[in-house]
Amino acid sequence: MDAGGARYGRENPTPWVPPPKPAPEAAAPQPRDEDGPNVTIAPLRKLLSSRQTSEPGWRATARADLLRALAVKGCTACGARSSAEQHWMSSFVHETNADPDVRASIRAARGLCAAHLRLAHEQTEAPFVLAIVHEEVAAARIADLGARGRHPAGECPVCTAAARDEATRMQSLCVLFGDAAIRAALRDGDGLCVPHWTSLAAELPPAELPALLDLAAAALADPSLEPGELLAGQHPDLARRTPLLREAMTAQRAWAEDARAVPAAARVLAEAGAGCCAVCRSAQFGAAGYLSWLAGLNDGFRLRLEPGEYSLCGTHLGDLSVTHPSTAEWIAADHLVGARDACAGAIAVLDGIGPRRDAADDALTRLTSLRPCPACHAGATTAERTTALLAAGLHDAAVRAELRAGHGLCADHAPALSRRAGSPLPVEVLRARLELLRWELAEASRRRGWRVRHEPSGPEGTAWLRAPSLLCGDAYLGLPPPATF
Ligand SMILES: [Zn+2]
Ligand SMILES: [Zn+2]
Ligand SMILES: [Zn+2]
Ligand SMILES: [Zn+2]
């Protein structure tokens, strides 16, 4: 992954800090932001060379493509991203699932990320295709357990494809921004979301910045644009998270009540015997608990919050719009006012001192509020505390017995717990679960064969649904895997 991958990374295309994949090690607390932006804007991925973009043929084609794309509803860069995701998955299911290079890219990434696994689950062919994919990933994970050192994290190939198309769209915008028709299309259509206005501003020469800020100001004042999407970009995964979110909220309340009322000795037994990866669950439930807390504050408390305490990433603002819509509306409206003020301030700065690079950088930091998401921070902290609790509890034979009998930790968190606790048990449990899962997945694929159609299918038919909770622990938002599809 190149340097731009930090921004055009896995689940979250916004410059706000993305929700972390379950950290293999104890997650370090994210820095608190009290005084303003503290997240740097990474440069765009450079996919097109200047030689390519200066060719007359490139310009005409890119211009026509861009004008077409800008006529479509929503942020055009977010749109490029989500089209690429859909296209990759559709090609994979219908054409490329047997392609050795594609399969190798999934193995190298140790599977699809949680968001793209949820996208795969929308496909009717998911049971067949994913059984084969998970079997290969399980084999790679088992090999990792025997290897010295850790497997370097590869990028989910769907994320890679989405980031590539998003970066190409942004580069076209950057090169063609001076074109009057492109500017008119940006003004007359939905334009970009705030994160993508900011990314574009960071790439443009200072002389172009006043025009960009005028366009962004007009978009921020457009009442027809949905505030949450305008502020945080599109998150198509939200539709796929939605069926899980309410169930996860109910489960989170019971889990949080236990955490409050039950002594540590009983709680560690419950965590060790959880029906999914306890650390993944803690990350999800810790974040959900923060969102519930925000939603439960009365108006007086809200007024005393620092903006950084409700500066949510796109994923968590989206989650909140499902579980507590009025709080999400309040947060989006508040941040929209802030973004409008910042945009007006940036315009005033440039009006006063002219379009200089230092003024441009100042304007950028005013345009958007780049703060770490407090819900992501709460999730990472809760996951860390649960890992610490399990590490402490593994000295107790009863806790070890619960871990042996339960689901066990996922492929990211079991090795981390083993290292932390100095105990091979979490990895031994994971290896045992993965070996059996791999057999079930192979068996499910075998039983789809024409020659064995006389054999009735058994419980191995749902192994592809259970696999994500071991291979990609946060796919079900901290819930145990569903029993049926
Ligand atoms: Zn966008
Ligand atoms: Zn992905
Ligand atoms: Zn996990
Ligand atoms: Zn977040």
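## Helix α2 and its two faces

In this predicted model, the face of α2 that points away from its buried side bears the exposed residues Pro56, Gly57, Ala60, Thr61, Ala64 and Arg68. The buried residues of α2 are Ala62, Leu66 and Leu70. Viewed down the helix axis, the buried residues of α2 lie within an arc of 60°, so they line one face of the helix. An α-helix has 3.6 residues a turn, so residues three or four places apart point the same way.

The buried residues of α2 pack against three helices: α3 (76–94), α7 (157–176) and α8 (180–188). The length of α2 (residues 56–70) agrees with expectation, because 15 residues at 1.5 Å a residue should span 21 Å and the end C-alpha atoms are 21 Å apart.

## Overall composition

The protein contains 23 helices and zero strands. Of its 485 residues, 45% count as buried. Among contacts between residues at least 6 apart in sequence, 83% join residues at least 24 apart.

## Helices α3 and α17

The 19 residues of α3 should span 27 Å at 1.5 Å a residue, and its end C-alpha atoms are indeed 27 Å apart. The buried residues of α3 are Thr76, Ala77, Cys78, Gly79, Ala80, Arg81, Ser82, Ala84, Glu85, Trp88, Met89 and Phe92. The elements covering them include α2, α4 (100–108), α5 (114–120), α7 and α9 (194–203).

Helix α17 (residues 325–353) has 29 residues, for which 1.5 Å a residue gives an expected span of 42 Å; the end C-alpha atoms are 42 Å apart, in agreement. Its buried residues are Thr327, Ala328, Ile331, Ala332, His335, Ala339, Ala342, Cys343 and Ala346. After α17 comes Gly354, which has a positive phi near 90°.

## Perpendicular helix pairs

Two packed helices are described by the angle between their axes and the distance between the axes. The axes of helix α13 (residues 264–272) and helix α19 (residues 374–393) come within 10 Å and cross at roughly 105°; α13 and α19 are therefore roughly perpendicular to each other. On the α13 side the contact is made by Ala264, Val268, Glu271 and Ala272, and on the α19 side by Thr386, Leu389, Leu390 and Gly393. By class, the residues of this contact comprise five nonpolar, two polar and one charged.

Helix α12 (residues 237–261) and helix α14 (residues 278–296) have axes 10 Å apart and pack at an angle of about 95°, an arrangement that makes α12 roughly perpendicular to α14. Here Ala248, Met249, Gln252, Trp255 and Ala256 of α12 meet Gln284, Phe285, Ala288 and Gly289 of α14. The contact of α12 with α14 has six nonpolar residues, three polar residues and no charged residues.

## The loop between α4 and α5

Ala109 lies in the loop between α4 and α5. Ala109 counts as buried because it has 22 C-beta neighbours inside 10 Å, against a threshold of 20 or more. Beyond its neighbours within four places in sequence, Ala109 is in contact with Gly154, Glu155, Cys156 and Pro157. The C-alpha atoms of Ala109 and Glu155 are 5.3 Å apart, although the two residues are 46 residues apart in sequence.

Arg110 is also found in the loop between α4 and α5. Arg110 is buried, with 21 other C-beta atoms within 10 Å. Its phi is near 55°, a positive value in a residue other than glycine. Most residues other than glycine have a negative phi.

## Leu477 and Arg404

Leu477 is placed in the segment after α23 (463–471). Leu477 has a positive phi of about 55° although it is not a glycine. With 25 other C-beta atoms within 10 Å, Leu477 is buried.

Arg404 belongs to helix α20 (residues 397–405). Arg404 counts as partly exposed, with 14 C-beta neighbours inside 10 Å. Its C-alpha atom is separated by 8.1 Å from that of Gly273, which is 131 residues away along the chain.

Methods: Residues are numbered from 1 along each chain as its sequence is written. Chains are lettered from A and ligands numbered from 1 in the order in which they are written. This is a predicted model: local features need pLDDT of at least 70, side-chain atom pairs count only at pLDDT 80 or more; totals for chains, interfaces and linings use all residues. Helices (H or I, at least four residues) and strands (E, at least two) are DSSP runs, numbered from the N terminus. The expected span of a helix is 1.5 Å times one less than its number of residues. A residue is buried if 20 or more other C-beta atoms lie within 10 Å of its own, exposed if 12 or fewer, and partly exposed in between; C-beta atoms are placed from the backbone. The arc is that of the directions from the helix axis to the C-beta atoms. Two residues are in contact if their C-beta atoms, placed from the backbone, lie within 7 Å. Axes are lines fitted to C-alpha atoms, for helices over the stretch in contact, and angles run from 0 to 180 degrees between N-to-C directions. Angles under 35 degrees count as roughly parallel, over 145 as roughly antiparallel, 65 to 115 as roughly perpendicular and the rest as oblique. Ala, Val, Leu, Ile, Met, Phe, Trp, Tyr, Cys and Pro count as nonpolar, Asp, Glu, Lys and Arg as charged, and the others, Gly among them, as polar.
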